Amino acid sequence: MSELQQEENIADAKKPNEVIVLDDDEMDVDNAEKTKRNCINYYCKSGFDPVEPPAYCLTYYQIKGKAKGQKVCQACYDIATNHFFDISKAIEQGKSLLTLDYPDFCEVVALDSDEEEGYEDKNLDEKAISYLEEHFAEVMEESMIKYDVENTMKRTLDEIKTKVKESNESTVQLQNDIKDVRKQFDQILYSLTNAMRPHQSELSELILDIPQMETEETEDDVETVNVQTIHPPIDLPMRGTAVKPPLIIGEFYYSRRTDLTSWMKVRLENIIPPGSKINDIHIRTYMYQVVRDLGSREQRRFVEGRNIAYSETLPILLEIGTRVIALFDESNSVPHSNRLKVYYPGIVGEFPCAFNKYRYLIFFDDGYALYVHHREVFMIYESSKDVWEDVYQESRPFIKKYLTEYPNRSMVKFLKYQKVRTEYKGKWFETTVKEVDCSLVQMYFSSLKRTEWIYRGSRRLKTMYQEEQAANNRQNLKHKYPRARNRLSNLTGAPYVEYSSVCDDNDVVFISQEPVGKPGSRAVAKKSTRPSSSSTGHAHSRPPVQHERPPPGKIVYYTPRKPYSFYLYEPHNCKAACLKQITPLNRLKGYGPLAKPLLCGFYRMLYKAKHRRPFILYKTPCGRTTRNMEELHKYLRITNSELTVDLFDFDPAVRCLAEFILEPDACLNKDLSEGLEQVQLPVVNYVDNKVCDFVNYSTQRTPSEGVNLNLDPEFLTCCDCTDDCWDKSKCACWKLTQEGAKFLHKAPEDVGYVYRRLLNPLLTGIYECNSRCRCRKTCLNRVVQNPLQHKLQVFLTSNNRGWGIRCLNDIPRGSFICIYAGCLLTDQMANEGGQTCGDEYYAELDFIEIVEMAKDDYEADAYESDEGGEEKTPQVTETKKTAKKTEEKSEQNNTTVPESTTPATTPGAGAEQPASSVHEEGSIRSRLRKRDVEINYKKLGEDSFNNSDEEADEQPTTREPGGFNPDGDMQAPTSKYPSVRTLFGKDENVYIMDAKSTGNLGRFLNHSCSPNVFVQNVFVDTHDLRFPWVSFFAMQFIRAGTELTWNYNYDVGSVEDKVLYCNCGSSECKGRLL
């Protein structure tokens, strides 16, 4: 072999990582020849002149152990030899070994054969081995001294430390460079994002001017509204500190004669200081002598500072609670210049802002409320520290409550043309919402032909009256009427109470009055099984509401396979053999309920046609077509199928094979129920690292000590139906449900389940078939007792509402979802446990109270409706009562009230009254004045404002007093009969279901003011009215991926010093739960 060839082979051997690509057959031949060559260098490309490798060759090529048959080619041998020669020279010269180049071979594992085991190295003879054994230590010591190995190792170690230090410094520098690059990248990304971000700026307030019941529909069926910008009036002053100018003798002001008369313009004639005498009477406060010019003569009288008001507006805005007089004008049809301006006293209830179109909301002393512009509001000179002390006695409680709770308010939310009951003269009348103006609502009394503006927070509105009454009854522990009756407001769009704040705390002047707590308040809050409710309470600053972020998931739509028996229909009589080959239900536990029929051979077809709504047809495995639930149920009965009718749905909007899929990494627990439910209940969290720590899962109610739950089936009513209880008139269980509904005057055929779905809640409860009944499991009256069917998921909400429940498949309206299971507690146990362990999972079993309250209210409403239909009776009767009361007050005060021939004005009157009626009421209302003064003005020698015929139009007018609260004689409805609960025992109270420590998935259902789930009381294993099953049904069609919520029905204000804000984020959110 030539030297040139050897050098080439050596060069090739030094390229261990070179990759050879086999492109043709010739390379395959060369590779076959190379495989025959034997060399310990795995990357050897020479292979010529192999020799037995010495130990240093094995070390160089990283061969572990020597085996029989190992060879090394001449080129690889020379490379290893030269490398060790270089190491020897470096040691002799005292150089660092780190300056040399070391090979970097990939580690290769050699599989030894049986022939290679036990091979011994024969490179050393026995003489050399014996010499090394005797003089090894001496040779090593001489060599260490000769070549100064110790110092060489120190220098090498120092070099290693230096290189490590340099490496660390370079690593730190590299990390800093990476951070700088990341910052630059973030800045570039922010710049790009900011460039695409829309510009946001604060604009003027907007008002939506929606025409009354008139909408303009475009081709795309989009309703258009006119958008109008609200600008502050030009004459509206700035806000500042109110400084009352001193009264000046000779200037004109406003003054009143009595509490309920209008204020007239007078001239200040004299100011009398305290301690002076007027007609031998000592006065303790400033008195003011005013003069009223009547043209032919002057009238003089002495008044206090709280009976004098400025005649000019102040150059600043007035604060909340300021005593003022304001123009009372309910009609805008006549210009101000052509109309007599009448001013009445009141307080400022709202500050001018965009919300109220830059007007003051004035609560007048006589019970009326109206919006007034700044130019028609004048401040009263003096007022008491507690301004409500200056208000008319009937309005004083409302004003005090309003000012102590401001800026948080509770008001009824109305829509135009809604029907609501409103109080007038101690009776409830059916009224219609004519118009809504910010915080006021205009009500039309159809039976009285009367129109009136009412504050939306007034207790004269029955919705507000019922909610406050419910909270008061709850605090006073009145179990007979624990809550106000609910008219299914969330189901029918009826008015409901909402909570709002007018403005920020910095913009409000608060009255220094602490809320007075009521003794005997309840210690805990409990959810109710009634359809929905809300109530009022003390004011608190509400935190901002965070809306739920959309989950990182998607809805997948599966396509069903064409059934194996999808043939053309051949006429035949269906029987059990038609469903002989379908898949058993026990093999479809992991699928949604609506998907099971499609996996059993049924085919769901959507038909669309012109001028007709889409509709659904079901094709059976035998080819028969069913068009509705009645035909489908008949087919299932004839074929003796184990499928139930609630596994089918004929709504085109429902997607039977749609499923919501979340990211798999978010799953924390595949089945929270641990096999207790037929469907797995996964737990996911894509918000943080929080883990659901609830472990005591139970699907049964567990009575605690002291709860006597009788589950003996011998006490149950049963039926002997064989037609799946399809004929309700023959089923004893159905009759129990229908008999209960008769108390609410409902038609028997419209109550209960409709093919195993409950479309509307039934207050009187549902009685299902039980274990003693002869009907099958597919019975139409067996729903709640069945296990969970829908695929649900427990997830952590992102807006501070804890864990919630969402559905993974579409849920049709009326479908049963689950029950509320837990521990049954007595009322005393619940109150004690709620103080120590919390009451957030309490649910009241108040079925008895709800039914009795609904029945009593129905009878009361019917009685009120009969009386409300008579137009003359309430007016004449109440007029006589008012006249009698006024005459008694006048006799007690020893004062004479002059009668006026001018008819009193009834604000908002919708029609003229008969002349006799007007004269009678005018003479009576003119005497409605309160004589509550400290000084007898007759003794002071004042000139009375006697009315004359020619001066009648200039006299102060007196109007009929209104009111913010119902008549004081009104009482809560009382039942004619004792409560059913008292039949179980004298001290029997409502039982509580507690799901805090033990319960099922019902405990995870969150609250919403616009829920999609409602509660129904159902009796299954017992007919004891105290222990119904609390069941949840779909209020509407619910799409996959939607959270399931229900209305907790807490009584706001029922738990003293406890506030719970609502974070549901609904457009109908009331703001408060407690």
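Valine 291 is buried, because its relative accessible area is 3% (buried means under 20% relative accessible area, exposed over 50% and partly exposed in between, with a 1.4 Å probe and protein chains only). The model is predicted, so local features need pLDDT of at least 70 and side-chain atom pairs count only at pLDDT 80 or more, while totals for chains, interfaces and linings use all residues. Residues are numbered from 1 along each chain as its sequence is written, and side-chain values use heavy atoms, with hydrogens and water left out.

Let us stay with valine 291 for a moment. Its place is in strand 9 (strands, E, of at least two residues and helices, H or I, of at least four are DSSP runs numbered from the N terminus). Not counting residues up to four places away in sequence, valine 291 touches Val266, Arg267, Glu269, Glu298, Gln299 and Arg300, where contact means heavy atoms within 4.5 Å. Glycine 250 lies 41 residues from valine 291 in sequence and 9.7 Å from it in space, C-alpha to C-alpha.

Here are some of the strand pairings, where two strands pair if DSSP finds at least two bridges between them.

| Strands | Sense | Bridges | One bridge pair |
|---|---|---|---|
| Strand 5 (residues 252-255) and strand 6 (residues 264-272) | antiparallel | 4 bridges | tyrosine 254 and lysine 265 |
| Strand 6 and strand 9 (residues 287-293) | antiparallel | 5 bridges | isoleucine 271 and tyrosine 288 |
| Strand 25 (residues 612-619) and strand 26 | antiparallel | 2 bridges | tyrosine 618 and threonine 626 |

Strands 24, 25 and 26 belong to an open sheet of 3 strands, in the order 24-25-26 with antiparallel pairing. Strand 24 (603-609) and strand 26 (625-626) are at the edges with a single partner strand each, so one side of each has no neighbour in the sheet.

Next, the nonpolar cores (sets of buried Ala, Val, Leu, Ile, Met, Phe, Trp, Tyr and Cys residues joined through side-chain atoms within 4.5 Å). The largest has 53 residues, of which Phe363, Ile399 and Tyr455 touch the most other members. Strand 14 (residues 360-364) gives the most to this core, with 5 residues. Among the contacts of tyrosine 455, leaving out residues up to four places away in sequence, are Leu361, Phe363, Phe398, Met411 and Leu461. A second, separate core has 46 residues, including Leu709, Leu796, Val1030 and Ala1034.

What is buried in helix 13 (residues 827-837)? Asp827, Ala830, Asn831, Gly833 and Gly834 are, and the buried residues of this helix pack against strand 35 (823-825), strand 36 (842-845) and strand 37 (991-994). Just after helix 13, glycine 838 takes a positive phi of about 100°.

Threonine 998 is found in the loop between strand 37 and strand 38 (1006-1007). Threonine 998 counts as buried because its relative accessibility is 17%. Its contacts, again without residues up to four places away in sequence, are Phe694, Asn696, Ser698, Ala821, Gly822 and Cys823.

Finally, the empty space. A cavity is a set of points, on a 1 Å grid over the protein atoms alone, where a 1.4 Å probe fits but cannot get out, and lining residues have an atom within 4 Å of a point. The structure holds 11 cavities of 30 Å³ or more, and about 120 Å³ of space lies in the largest cavity; a volume is the space filled by probe spheres set on the points, which are joined across faces, edges and corners. Residues lining the largest cavity include Pro593, Asp646, Arg756, His790 and Phe816.

Terms used: 1 Å grid on protein atoms, 1.4 Å probe; cavity = no way out; pocket = protein on both sides within 12 Å on 5 of 7 lines; lining within 4 Å.
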